[in-house]
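Visitor: I am new to this structure and should like to understand the reasoning behind the terms applied to it. Would you kindly show it to me?

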Amino acid sequence: EKSEEEDEWLGFFVLKKLKSKYGELYRQDNVILSGTHTHSGPGGYFQYTLFWITSKGLIRPSLNAIVNGIVKSIDIAHQNMKRGRLFINRGTVENSQINRSPFSYLENPASERSRYSSNTDKEMVMLKMVDENGQELGLISWFAVHPVSMNNTNHLVNSDNVGYASYLFEQEKNKGMLPGEGSFVAAFASSNLGDVSPNTKGPFCVNTGESCNNPHSICPAGGAKMCMAMGPGNDMFDSTRIIGQNIYLKARELYEKAYQEVTGPLSSAHQWVNMSDVSVELNATHTVKTCKPALGYSFAAGTIDGVGAFNFTQGSLEGNPFWDEIRDQLLGEPSNETKACHKPKPILFSTGEMTRPHPWHPDIVDVQIAAIGSLAIIAVPGEFTTMSGRRLREAVKREFDSHGTPRMDVVIAGLCNVYTHYITTYEEYQVQRYEAASTIYGPHTLSAYIQLYRGLARAIATNTVQDLPRGPEPPFFNIGNMTLLPSLTADRVPVNKTFGDVLQQVRQQYRAREVAEVTFVGANPRNSAENATEHNFLTVERYTNTSDSWHVVWNDASWDTRFYWTKGSFGRSNVTIEWHIPRDTEPGVYRIRYFGHYKKNLSNNPAAVIAFEGTSSAFEITAL
């Protein structure tokens, strides 16, 4: 899971920039970085070593782009700040999620399960924002679903189902604007989605079509790697659209009927805690501890939303001598203390004991609650399962109740500040499916978090936040440019061609619901990403007769456009742009444009990066 990690490191850079601009206005305790979450984004911006494996190290341009984007969005919000009102609403989202580890969920006590009608949380909580005159400003919606409608065969950067919900809401409110433009902001945030999948058809064996909804998610032929869950659509794009639209439609309904106003003071509490060494009082006689981070065997199995390699299976309670020996030789054997602490998890990677070239996992973790009047936002540093989230919400609500702050609305905001994988219940941990194997601080992780968040809630309720210890600051590694990603080489073109030339032209005419496609002589898109801020790779433009000019109607962030880069040999490459023409497209004359940068080696000088563009022929769209 590579593109969901928020990180103290990002937070460090963001807060440093904010401090230089705003002094003490934006601080560790009142800024929450919450990943709205996708599995289809750039990686390589997390300072802990484990997360570099998929990205071949630190990708500084990714880090810079994310930090600068976060700071810019805060700048824009700050400049547009105005007095306003908040309204809250909640409702049920149907047909959009299943529990992807139902056999783990069944390990929870029957008495506890009987209090709930479903093995997922179907409730969406929505916070609506308007100014004093009632002008609409935006919303934040929390709903528990994994953004994995796009599966692991996808290579396109995109924001998955919750991103599509955001896109639809903003397109509706910012009429006539391109994605990301316009004043209305619709944020669809993560909640306790640890065991929640959007692939509502459930797991099937891709080779035989039979169900593989069993405790180990394995198929009779082909084993675990054949067991995949399917979404409701014809393909992953269609499934993303359907789930995203379901989420959007419920959010719109709740938004239009949000009459319950949120009033009261603002407060926030933040602590750093060493999660590898927390003592938890379970009761008057029993104290337990968390562990140094470690990942179990089932981590390598992946999930029904994205299976792993080498036929590791979920629910592994024993190691494998072959893999253990390879691990011991390459990475070092887990200590007996760590093995005992994590039982019954068979340890695949003892990441808390792996420090080269830098620590593989965080020890120091953020815990944070922000209270906006009667709404408490629990900012959690990972992915809580359904029942873990229910227990945490209940404990925090009870803490507020018992200290004179009743009737608090408590919502979990997932993937905040630092990424620490998953948090299962103690009972779910015992059967060691993927989520449990990825509960890195051991079987008592949830109990530790409940104890810590109760402490934050108590401090807010009793107005004693200033007395909370800050906790140990996280380390900051001076990483430099540690990457195995090859540096960019010079781009080249075929004989008698130049960058941006059309290799495969569009047709002269299309109808709505067809696909317009054009291929250009291209260059490595990393040139643009690393040398231009807020670069747009493509536009679809419509010709206006009255002004004899072209104007942009879609860009690379639009749902209906796709940008494919194909690497060739000897520095050559092609770019193919597709426009999946929507049903309601206005008939008229259109064209597609491509914007890139190529790298050119200069004798005795650093290489130059030069902007170029390409334009398709004009083509006509006729009515259906």
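Guide: The following exchange takes up several terms in turn and sets each against its cut-off; the model is a predicted one.

Visitor: Why is Asn89 called buried?

Guide: Residues under 20% relative accessible area count as buried. Asn89 has 17% relative accessibility, and therefore it is counted as buried. This residue lies in strand E1, residues 84-92.

Visitor: What makes the approach of the Asn89 side chain to the backbone oxygen of Lys257 a polar contact?

Guide: The distance from the side chain of Asn89 to the backbone oxygen of Lys257 is 3.2 Å, and a polar contact requires N or O atoms within 3.5 Å. Lys257 also appears among the residues in contact with Asn89 beyond four places in sequence, which include Met124, Val125 and Met126.

Visitor: How do you know that E1 and E3 pair?

Guide: Two strands pair if at least two bridges are found between them. E1 and E3 are joined by 9 bridges and run antiparallel. Within this pairing, Phe87 has Lys128 of E3 as its bridge partner. E3 pairs in turn with strand E4 (residues 136-142), antiparallel and over 6 bridges; there Lys128 has Leu139 as its bridge partner.

Visitor: Why is strand E3 described as largely enclosed by the rest of the structure?

Guide: Strand E3 covers residues 123-131, and 7 of its 9 residues are buried, so the description follows. In the hairpin of E3 and E4, 4 residues stand between the strands, and Gly134 takes a positive phi near 85 degrees.

Visitor: What makes the charged end of Lys128 count as sitting over the ring of Tyr255?

Guide: The charged end of Lys128 is 4.4 Å from the centre of the Tyr255 ring and sits over it; the distance limit for such an arrangement is 6 Å. Arg390 likewise lies over the face of Tyr116, at 3.9 Å from the ring centre.

Visitor: Why is the pair of Phe169 and Tyr255 called edge-to-face?

Guide: By the rule for ring pairs, the count comes to 32 aromatic pairs. In the pair of Phe169 and Tyr255, the ring centres are 5.4 Å apart and the planes stand at 70 degrees, so the pair is edge-to-face; the cut-offs are centres within 6.5 Å and planes over 60 degrees apart. This pair links distant parts of the chain, with Phe169 in helix H5 (residues 160-173) and Tyr255 in helix H6 (residues 236-256), 86 residues apart. Phe169 has a relative accessible area of 0% and is buried; Tyr255, at 1%, counts as buried too.

Visitor: What makes the pair of Tyr510 and Phe619 edge-to-face?

Guide: Their ring centres are 5.3 Å apart and their planes are at 80 degrees, so the pair of Tyr510 and Phe619 is edge-to-face. Tyr510 lies in strand E23 (residues 509-511) and Phe619 in strand E31 (residues 619-622), so the pair ties together parts 109 residues apart in sequence. Both Tyr510 and Phe619 are buried.

Visitor: Why are strands E22 and E27 said to stand at the edges of their sheet?

Guide: This is an open sheet of 4 strands in the order E22-E24-E28-E27, with antiparallel pairing. Strand E22 (502-504) and strand E27 (561-567) each have a single partner strand, so one side of each is left without a neighbour in the sheet. From one strand to the next, the twist averages 30 degrees.

Conventions:
Residues are numbered from 1 along each chain as its sequence is written. Side-chain values use heavy atoms; hydrogens and water are left out. Helices (H or I, at least four residues) and strands (E, at least two) are DSSP runs, numbered from the N terminus. Buried means under 20% relative accessible area, exposed over 50%, partly exposed in between (1.4 Å probe, protein chains only). A polar contact is a pair of N or O atoms within 3.5 Å; within protein, one must be able to donate a hydrogen and the other to accept it, and residues adjacent in sequence count only if both atoms are side-chain atoms. Contact means heavy atoms within 4.5 Å. Axes are lines fitted to C-alpha atoms, for helices over the stretch in contact, and angles run from 0 to 180 degrees between N-to-C directions. Rings of Phe, Tyr and Trp (its six-membered ring) pair if their centres lie within 6.5 Å; planes under 30 degrees apart count as stacked, over 60 as edge-to-face and the rest as tilted. A charge sits over a ring if NZ of Lys or CZ of Arg is within 6 Å of the ring centre and within 35 degrees of the ring normal.
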